[in-house]
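Reader: I am new to this structure and would like to learn how to read it. Could you take me through it one feature at a time?

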There are 2 protein chains.
Amino acid sequence: MPRLRDVPTTAAPTLEDVAARARVSTATVSRTLNTPSMVSAATRERVMAAVEALGYAPNFGARAMAAKRTNTFGAIIPTMENAIFARGLQAFQEELGHNGITLLVASSSYDPALEEEQIRALVARGADALLLIGHDRTEAAYELLDRRRIPYLAAWVHDPASVRLSIGFDNRAAMQALADKVLGLGHRHLGAITAPRAHNDRARARFEGIEAAMRARGLDTARLQVEEMAYSIENGAEAFRRLMARAPRPTAVLCGNDVFAAGALMAAREMGLSVPGDVSVTGFDDIELAGIVTPALTTVHVPHREMGRRAAQMLVALCAGADPGPSVKLETTITCRTSLRPPPGTACHQTFT
Amino acid sequence: MPRLRDVPTTAAPTLEDVAARARVSTATVSRTLNTPSMVSAATRERVMAAVEALGYAPNFGARAMAAKRTNTFGAIIPTMENAIFARGLQAFQEELGHNGITLLVASSSYDPALEEEQIRALVARGADALLLIGHDRTEAAYELLDRRRIPYLAAWVHDPASVRLSIGFDNRAAMQALADKVLGLGHRHLGAITAPRAHNDRARARFEGIEAAMRARGLDTARLQVEEMAYSIENGAEAFRRLMARAPRPTAVLCGNDVFAAGALMAAREMGLSVPGDVSVTGFDDIELAGIVTPALTTVHVPHREMGRRAAQMLVALCAGADPGPSVKLETTITCRTSLRPPPGTACHQTFT
DNA sequence: GTATGCAATGTAAGCCATTACATTCATCGG
DNA sequence: CCGATGAATGTAATGGCTTACATTGCATAC
C-alpha cells in the first residue's frame, strides 16, 4: 500500500517571517506586496524571493482588519440550481477578476429572510460591495446596507420607479412584447406559469406584462389561466399538466422562464401533445437549455453577459468613490425558435415568424 | 422622483460597543455569543438585547484571527458553467449547514495552476477544510495542504491506487460497464468524446473504461475514434460532427458526460441524423439535462447527492479530529433511456433494454 | 558647504474578537 | 463563623497586517 510522503508541518509563515528573511521591516514587505512602486527594485527582488521561498500568503482576516477593505465583492443570487444566473455571474466574476477582485457567491433560495442573513454574512466577511438580484427585499436588509454604506447594485431588473441603482431590463415590457406576439398569432386562450410573485419583482413584472398585452388588445385578463409554483423543471411539468386540464384549454402557455418551459415540453411529450402543433410554449431568459430542448424554445433573450460585465464595472466605480452613472436599462429581444406557432386550426398560409 | 430615506451612517458596531451597552466586559459578550451556557440567564438577556439593538455582527476577520478557525469550508470545483457539480455541491452545502458551517466555492476551469491559486486563496481566507475534485493536482498544492495540515477530501473519484482520502465512484469501471453494454448491442464502430485527459483523472479513467471494455471483448482499441475537447455543449456538437465525418463512421458515440451528449444530439439533429436510429449516443453523470433532451439520454447515473452529503460528514469528522473512516466507494448504475439502441441493420426482435 | 527635498525604509499604533488567567462573591460544610 | 469551592465575570495578551508618521540618507540647488 502506498504511503504519504512526510511533509514537515509548518505554521503559516507571516509577514514577519518574510521580513526577517529579506532583512527588511514588515512595512516594506507589505508595501512590496501592495504598492510595489514605493519600493526600490533591489529590495523588491529580495522580498519577493523570500515570499517565494516561504510560500507566504497573506492572512486574509488580518489584512481585512487592518486595511478595512478586502478586494472581495459578494453576490447573492436566488438559486444556483439552474443556469439562470450562471452566465451573468460568470461575466461578473471575470470582469471583477480583471480588477483584482474576488467574488463570493451565496444563494437565498428566493427567501427574503435568508437573503438578509446572507447579506449579513457577506458583510461580516468584509465584502466591499454586493450584487443583488431585483429590488424585493426586507427593510432590514436595506437598512443594514445603507447604515454600513456598503455599495450595492440590483441586477436583472430595470424599474423606472425605483431610486436604487440597478442594471437590467424591463421584465414587464419584455414579457409584454412576447405575449403580444403570441396574441398576434391568434392565440386567445393563454396559460401562464409563474414563480411565486410575493417576494419576486421579476416574476411579478413578467406576469403583469402578459396582462398588459391582453388589455392592450381589449382582452379580459380573467381569461388568463395561471399556475404559480417555484421554479423547477418538475414544477413546470406539473403546472403544464394542470393548465391542460383547465377549460377552456390554453393554446399557448407562457412560462416565467426557460426552466419552466423545459418542464412544460416534457409534460407535453408525456401527454402525447405536440408542441407547437397542439399547444405553443414560450420561455424567458434564453439560457443554453432553450436551444437544446425539442422543440427549441421561442423565448426572451436577455444579454446576460453584458449585464454581468457592466454590473461589475458599476460596482467597481462605486467602490472607488467614482460616479457609476445612472441605472442602466438593457434591451431584450425575442428569439424565435420553433415552440411557438399559431393555434391549431389557423389557416396555414398565415405568417408566423 | 423618489428619494432615498436618510439613514444615519454608523461604523460597524464592535464587541466593545455591545459590551458598553450591556454594561459587561467584552469577554462576557463573546461568551454569550459562543458559549451561552457559561453566562447567567439575566446577563445573557441583557447582552442579546444590546446585540439586537445595535445590529451587531461579529467581524469575521477578527474572529478568524483570534479563534484560529472559521467554521468555513471551501470547495473548488472545475466549473460552475454547467450542472455537473451542482447537485453534489448543493447536498454538500446543506449538510455543512446542519453543522453550522459555511461553504465558500471557487472554480478552477480545469486548470491545475488556477486550482492551486484557489486553494491558496481559500486557505488564506481561513477555510478549515477543503473539498476538491479528483486527484490530479500540482505537487505544490498537495504540499501546501499537508504543510498547513488542512483537512481535505477528493470527491467524484475512487481510485484504489491513491492514498489520499476520497469519496466517489470508479469512473473507469462505470464507463466500462456502459461501453460493454453498447458493445453487447452489437456496435463495433465506436466514437468517444472526451474532455482533455492531461490533468483530469476522471476523464482519463472514463476513457480507459471504454478501451478496457473493447479489450475484454477482444477488439482492437485502435478502432475507437476519439475526439478530445473541453466540456461544453458546442464542443460536443463539434466533436460529433467530426466523428461522423470519419471512416468508418461510428454507430455509437460515447460521451464523457451528459453535456457533450446533449451537444452531440443537437449536431445530429442539424445533420438530419436520427438518434438512436442512425447512431446511438450515451452520456455520463445523469444530470437533469439527460432526461430533458430528445431523445432522452442513456447514461451513467451517479449518486451525486449522497456523495455530497457524505463528503460533508467525512470532512466534519476530520476537522473534529475524529476518524472519518476510509475512502468511500459509491456505486453507479446505468440509466437506460432512449438514446441507445443496436446499430442500424440489426434484426428488430433483438432485445436491447 | 549647507539647506532643501524626496525617495526609501523603519517604528509602532491600531483593527476586533477570543481566551488563559485573575478576580469576585455567594454558598456550603464543618 | 471560616475557609473551600465554584459559578460568573473581568483583565489583558494575542493574532497578522496596514499605514500614519518618523527617520535616514542622498542628490540637488544655491
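Reader: How many Å lie between a phosphate oxygen of DNA strand D and a polar backbone atom of B:Ser40?

Author: The distance is 3.0 Å. A polar contact is a pair of N or O atoms within 3.5 Å; within protein, one must be able to donate a hydrogen and the other to accept it, and residues adjacent in sequence count only if both atoms are side-chain atoms. Before we go on, please note that this is a predicted model: local features need pLDDT of at least 70, side-chain atom pairs count only at pLDDT 80 or more, and totals for chains, interfaces and linings use all residues. Residues are numbered from 1 along each chain as its sequence is written, chains are lettered from A and ligands numbered from 1 in the order in which they are written, and side-chain values use heavy atoms, with hydrogens and water left out.

Reader: Which side chains have a polar atom by a phosphate oxygen of DNA strand D?

Author: Among them is that of A:Ser30, with a polar atom 2.7 Å from a phosphate oxygen. Another is B:Thr43, where an N or O atom of the side chain is 2.3 Å from a phosphate oxygen of the strand.

Reader: How many residues surround DNA strand D?

Author: A residue is near a molecule or strand if one of its heavy atoms lies within 4 Å of it. For DNA strand D there are 27 such residues, and the closest are A:Leu15, A:Tyr56, B:Ser25, B:Thr28 and B:Thr43. Of the strand D atoms within 4 Å of the protein, 62% belong to sugar or phosphate, and the rest to bases.

Reader: What classes do the residues near DNA strand D fall into?

Author: Ala, Val, Leu, Ile, Met, Phe, Trp, Tyr, Cys and Pro count as nonpolar, Asp, Glu, Lys and Arg as charged, and the others, Gly among them, as polar. Here the surface near DNA strand D has 14 nonpolar, nine polar and four charged residues.

Reader: Which helix gives the most to that surface near DNA strand D?

Author: Helices (H or I, at least four residues) and strands (E, at least two) are DSSP runs, numbered from the N terminus. H4(A) gives the most to the surface near DNA strand D, with five residues. At least two residues each come from helix H2 (26-34) and helix H4 (60-67) of chain A, and from helix H2 (26-34) and helix H4 (60-67) of chain B.

Reader: Which residues come nearest to DNA strand C?

Author: Of the 23 residues around DNA strand C, the nearest are A:Thr28, A:Thr43, B:Leu15, B:Ser30 and B:Tyr56. Sugar and phosphate make up 68% of the strand C atoms that come within 4 Å of the protein. Phosphate oxygens of DNA strand C lie 2.6 Å from a polar side-chain atom of A:Thr28 and 2.3 Å from one of A:Thr43. A polar backbone atom of A:Ser25 is 2.8 Å from a phosphate oxygen of this strand. Here H4(B) gives the most to the surface, with four residues.

Reader: What rotation superposes chain A on chain B?

Author: Two copies of a chain are related by a rotation about an axis and a shift along it. Copies are superposed by least squares on the C-alpha atoms of residues with pLDDT of at least 70 in both. For chains A and B, the rotation is 180° with 0.1 Å of shift along its axis, and the RMSD is 0.3 Å. That is the relation of a two-fold axis. In chain A, A:Gly61 comes closest to the axis, with its C-alpha at 1.8 Å.

Reader: Is B:Glu227 buried or exposed?

Author: Buried means under 20% relative accessible area, exposed over 50%, partly exposed in between (1.4 Å probe, protein chains only). B:Glu227 has a relative accessible area of 9%, so this residue is buried. Its place is in strand S7 (residues 225-228) of chain B. The side chain of B:Glu227 makes polar contacts with the side chains of B:Arg242, at 3.5 Å, and B:Arg246, at 3.0 Å.

Reader: How many disulfides does a search of the whole structure find?

Author: A disulfide is a covalent bond between the sulfur atoms of two cysteines. The search takes a pair of cysteine sulfur atoms within 2.5 Å as a disulfide, and finds zero over all chains. As for single cysteines, A:Cys319 is partly exposed at 34% relative accessibility, and B:Cys319 is partly exposed at 35%.
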